[in-house]
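Student: I have a new model open and would like to talk it through with you. Could we begin with the fold and then turn to single residues?

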Amino acid sequence: MDRRDFSMGTVAIAAATAIGSASPAVGAPRRVGMSDVARVRQRFDDIIASDHRHGGQLRIEEASERLADEAMALQGAGTASQRVRGALYGAAAAFRSSAMWAAIDGHRFDAAEDHLRKAAKVASMSGDQMIQFRIWSHAGTMYRHMGKPGEADAANHVARRLGVVRRDPVFASLGLARHGAIYAASGDRSAALRAFKQAEEAWHRSKRCDDAGRPSWLLAFYDEAEINSLAMSACLSLGMWAEAEAHGHRCLASLRGHMHRSRAIATARLARAQLEQREVEAAITTVMSVPEDSAVNHPRVVGMLAGFGARISEIAPHSPYSAMWYDHDRAIKEKRR
């Protein structure tokens, strides 16, 4: 997958060219084929690349929603085989799932739930279990962020019951790791730790298989760094500060270069783990290394930094290192205006 930073303007123009060109001339019979599907899927890779670069942005959500509608419009652009129609439903569901993820990442939960309803309906017509897994696994994450661990558990179980999880240990690993974070959010420490142990075991089994047939969205982000990121989130929920810090260091050491959004989130979480252990100097040094673009523009990172600021005011309000943070935070807030 191309890891370049795609601007959303480029994505929108390319999408209009690729998908709009599929419209037949008036009166001209046309057959929609897999070449049309391939052009649609390339736009999905562009969306994924932009998400990893920017994350949570309304423009990514809106572009994904438009592309989902345009993929569906191809269903009426001409005749097509059942295979092509299924692939188009799958592509529309993929775009809708990216709109859903952008809304989740931006904490626009009402919009995310609306995308979930639409994505689940279209995905059920596609027969594509991989994209169905993505949708329901995202739903589990959405409900976890909303503070609804019961609904998160139910949604993630839908994903984990799909046949693709039994066939592919990467899907099994991701489902388990996300469930570990859900268990932690509900305060079930033993279930969380067990889930992460099983996630790591499934990940190591996957190394004996090649990646052929796995979707680009999965290959683009899921690896040991993501397992450690989810484990760090779980340990923070459980108050296991030292363990969270250890997972944070392992995550940051192995994150791939294109994972800009994930690096900012992991850095903010690591700073919180250090702060809770009263390692004030280390925590301030870490939190001030969160990239400015994410600190200013990414909704989830903005919320994490606000939480960090509230805790530093409680734990070490008069530390000289805290004064450095206050100055840094004021400068960041000025740039958000």
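Tutor: Gladly! Helices here are DSSP runs of H or I with at least four residues, and strands are runs of E with at least two, numbered from the N terminus. Please keep in mind that this is a predicted model.

Student: How many helices and strands are there in the protein chain?

Tutor: With those run lengths, strands do not appear at all in the protein chain: their count is zero. The helices number 18.

Student: What radius of gyration does the protein chain have, and why does it count as compact as a globular protein of that length?

Tutor: The globule rule gives 20 Å for 337 residues. The value for the protein chain is close to that, so the chain is as compact as a globular protein of that length. Its radius of gyration is 21 Å.

Student: What share of the residues of the protein chain is buried?

Tutor: Buried means under 20% relative accessible area. Of the 337 residues in the protein chain, the share that counts as buried is 54%.

Student: Let's look at helix H18. What distance separates its end C-alpha atoms, and what span should the helix have?

Tutor: H18 runs over residues 320-336, which makes 17 residues. At 1.5 Å a residue these should span 24 Å, and the model agrees with that. The end C-alpha atoms are 25 Å apart.

Student: Which residues in H18 are buried, and what arc do they cover around the axis?

Tutor: The buried ones are Ser322, Trp325, Asp329 and Ile332. The arc they cover is narrow enough to put them on the same side of H18: only 80 degrees. An α-helix has 3.6 residues a turn, so residues three or four places apart point the same way. On the other side of H18, the exposed residues are Pro320 and Arg330.

Student: Which helices do the buried residues of H18 pack against?

Tutor: Contact here means heavy atoms within 4.5 Å. The partners of the buried residues of H18 are helix H15 (280-287), helix H16 (292-297) and helix H17 (299-315).

Student: Is Arg214 buried or exposed, and which side chain does its own side chain meet in a polar contact?

Tutor: Arg214 sits in the loop between helix H10 (189-206) and helix H11 (216-221). Its relative accessibility is 10%, so Arg214 counts as buried. The side chain of Arg214 also reaches the backbone oxygen of Asp210 at 3.3 Å. Its side-chain partner, at 2.8 Å, is Asp168.

Student: Now Pro299 in helix H17. How far apart in space are Pro299 and His107, C-alpha to C-alpha?

Tutor: Pro299 is partly exposed, with 28% relative accessibility. Beyond its neighbours within four places in sequence, Pro299 is in contact with Gly56, Gln57, Asp105 and Gly106. In sequence, Pro299 and His107 are 192 residues apart, while in space their C-alpha atoms are separated by 6.9 Å.

Student: One more: is Arg166 buried or exposed, and which residue offers a backbone oxygen to its side chain?

Tutor: Arg166 belongs to helix H8 (residues 163-167). Exposed means over 50% relative accessible area, and Arg166 has 68%, so it is exposed. A polar atom of the Arg166 side chain lies 3.4 Å from the backbone oxygen of Arg161.

Technical notes
Residues are numbered from 1 along each chain as its sequence is written. This is a predicted model: local features need pLDDT of at least 70, side-chain atom pairs count only at pLDDT 80 or more; totals for chains, interfaces and linings use all residues. Side-chain values use heavy atoms; hydrogens and water are left out. The expected span of a helix is 1.5 Å times one less than its number of residues. Buried means under 20% relative accessible area, exposed over 50%, partly exposed in between (1.4 Å probe, protein chains only). The arc is that of the directions from the helix axis to the C-beta atoms. The radius of gyration is taken over C-alpha atoms; the globule rule is 2.2 Å times the number of residues to the power 0.38. A polar contact is a pair of N or O atoms within 3.5 Å; within protein, one must be able to donate a hydrogen and the other to accept it, and residues adjacent in sequence count only if both atoms are side-chain atoms.
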